[in-house]
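Visitor: Before I accept any label put on this protein, I would like to hear the reasoning behind it. Could you take me through it?

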Amino acid sequence: MDRGRWRRAYNRLVCAVAVFAIGLSGWTLWGLWERRHVVDEACGGLVPVGEVLALPGSGGGITPARNVTDGIRLDDAPLPQSCVLRSEEAAEGRRLGESGSFFSAQVAAEPTGWTSEPVDDAFEDALDHTNPYIDVPLVYQPIGGGVPGHVTDTGASVRLPCPGTEHRGEEITAVRASAGLDAATRAEFSENGQLAREDRDRLARIAVATANNLAAELGCPDRLPEPPSGIPALNTEPVAPDEAEGTCAWYGRAGLDGSPANGSGWLPDRVLEARTGDRVWQERCLLSVTGEARGAVYRRYARDPEYRRFRENSSMDDKTWWMSAESFFGDAADRVSTDPVGDDRTAVAGRGGYDSEGKTLWATSVCGGEPAVHTLTVSWPYVDGAARHLEPVLRAYVEDVAERRGCTDTALPPKSDYREGS
């Protein structure tokens with residue numbers, strides 16, 4: 001074959017490869033556009049698409065989970081609304097019937113009309129991570145950086161004040177947005193059961209951007225700042241009270257530590273906390289009694305007839321003795337249920353009380369001009385023995401919150417309520 005024929009053959013090959021590459025590039029660009037379009041359409045143009053598609057589990061084709069939600073359509077329905085996205089990557093390897101979703105976002109407006117619930121099952125072990133039948137309560141971390149919101153075990157939620165605006169003729173006072181990974185996706189890409197640091201930060205950015213985009217749509221004048229990077233993971237291991245520096249620091253300062261060395265016996269000697277945040281609408285401190293401390297209590301009160309009922313209902317092998325101190329602010333405090341099986345019984349502003357069914361003491365106050373409810377839930381049968389020792393616990397907690405959040409008009413339960421557990 002002469003050189004001319006070789007050259008012509010080579011040129012044809014180069015042209016063919018170029019055409020193929022152009023076609024492949026066009027196909028790739030079309031695929032990228034299609035993925036972005038699906039996210040934009042499903043979530044009403046409110047979520048930052050690039051950030052969503054950078055999340056773990058987002059690979060392959062993206063489709064909206066229509067059987068879960070119709071997506072976000074601000075003009076078509078009242079708030080709250082949500083979008084759920086499936087992906088081919090998330091669906092791979094999951095069992096038949098399991099969801100292939102990897103991401104969800106929700107937008108809402110205050111007043112929400114939602115019922116807030118403290119840790120609501122005093123008959124289960126709030127710290128037993130091995131129990132497959134309950135969701136172990138977690139202590140969420142504030143996002144920080146001037147952003148009202150927190151990160152959870154699967155995502156992030158934020159709030160943006162938006163007074164004087166409305167949606168579909170209904171006046172609103174604030175907007176909320178949340179962004180999260182599907183639980184199975186989180187588990188697949190977790191680090192020791194936690195969201196990876198970059199995923200926590202990215203989900204916080206998505207939630208903030210979604211809230212700001214919603215605010216722009218509704219005509220809200222303000223915007224949330226960019227969230228900080230390096231948001232801490234949720235704490236999962238209880239520590240001694242004198243080591244607490246966040247939502248449980250009040251307990252150590254109050255000197256209520258129930259460790260055997262202190263001789264007080266009945267009160268918790270371990271705490272599980274988060275950082276404090278003056279912009280979150282809910283905070284929690286979990287407190288627990290170690291087996292060593294429980295043994296000291298039994299030995300100390302073995303012959304005390306005052307605790308006979310408690311001893312009849314309890315044993316050394318019982319589940320963890322725990323308490324949960326929680327506060328709800330603003331819209332979240334409008335309806336706080338103390339009923340473990342419904343919302344028939346709720347805390348009443350300007351009063352304090354005790355719900356014997358929910359094993360929950362509650363107090364109220366006004367924080368920054370908005371209502372607040374503070375609760376102390378105690379596990380059963382632990383509450384039967386600890387009831388007489390709870391007044392200084394709830395008082396110390398409420399006083400700490402009041403100082404941190406500038407609360408006034410505090411109303412605590414009457415003294416008689418602290419004996420109701422026995």
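Guide: Among contacts between residues at least 6 apart in sequence, 68% join residues at least 24 apart. The model is a predicted one, and its secondary structure comes to ten helices and 14 strands, while 49% of the 422 residues count as buried.

Visitor: Why is R202 called buried, and why is R205 called partly exposed?

Guide: Buried means under 20% relative accessible area, and R202, at 17% relative accessibility, therefore counts as buried. R205 has a relative accessible area of 25%, and since partly exposed covers the range between 20% and 50%, R205 is therefore called partly exposed.

Visitor: What makes the pairing of R202 and E51 a salt bridge?

Guide: The rule asks for a side-chain nitrogen of Lys or Arg within 4 Å of a carboxyl oxygen of Asp or Glu; for R202 and E51 the N to O distance is 2.9 Å, so the pair meets the rule. This pair links distant parts of the chain, with R202 in helix α5 and E51 in helix α2 (residues 49-52), 151 residues apart. E51 also forms a salt bridge with R205, where the closest N and O atoms are 2.7 Å apart. Because E51 lies in helix α2 and R205 in helix α5, that pair ties together parts that are 154 residues apart in sequence.

Visitor: How do you know that R200 has no salt bridge?

Guide: The nearest side chain of opposite charge, that of D201, is 5.5 Å away from R200, and the cut-off is 4 Å, so the pair does not qualify. R200 is nonetheless buried; it lies in helix α5 (residues 197-218), and, leaving aside residues up to four places away in sequence, R200 touches L195, I231, P232 and A233.

Visitor: What makes D400 and R404 a salt bridge, and where do they lie?

Guide: Their closest N and O atoms are 2.8 Å apart, and the limit is 4 Å, so the pair counts. Both D400 and R404 lie in helix α10 (residues 391-405), four residues apart, which is about one turn of the helix. D400, with a relative accessible area of 9%, is buried, whereas R404, at 28% relative accessibility, counts as partly exposed. Elsewhere, salt bridges that share partners join E110, R159, R176 and D331 into one network; by this rule the count comes to twelve salt bridges.

Visitor: Why are the phi values of K359 and D409 worth pointing out?

Guide: Most residues other than glycine have a negative phi. K359 is not a glycine, yet it has a positive phi of about 55 degrees, and it lies in the loop between β11 (353-355) and β12 (360-367). Phi of D409 is near 55 degrees, again a positive value in a residue other than glycine, but D409 lies in strand β14 (residues 407-411). K359, at 13% relative accessibility, counts as buried, and D409, at 59%, counts as exposed.

Visitor: Which peptide bonds are cis, among them the one that joins L79 and P80?

Guide: Most peptide bonds are trans. The bond that joins L79 and P80 is cis, with omega about 5 degrees, and P80 is in the loop between β1 (62-64) and β2 (81-87). Another cis peptide bond joins W380 and P381, with omega about 10 degrees, and P381 is found in the loop between β13 (370-378) and α9 (382-386).

Note on methods
Residues are numbered from 1 along each chain as its sequence is written. This is a predicted model: local features need pLDDT of at least 70, side-chain atom pairs count only at pLDDT 80 or more; totals for chains, interfaces and linings use all residues. Side-chain values use heavy atoms; hydrogens and water are left out. Helices (H or I, at least four residues) and strands (E, at least two) are DSSP runs, numbered from the N terminus. Buried means under 20% relative accessible area, exposed over 50%, partly exposed in between (1.4 Å probe, protein chains only). Lys and Arg count as positive and Asp and Glu as negative; His and the chain ends are not counted. Contact means heavy atoms within 4.5 Å.
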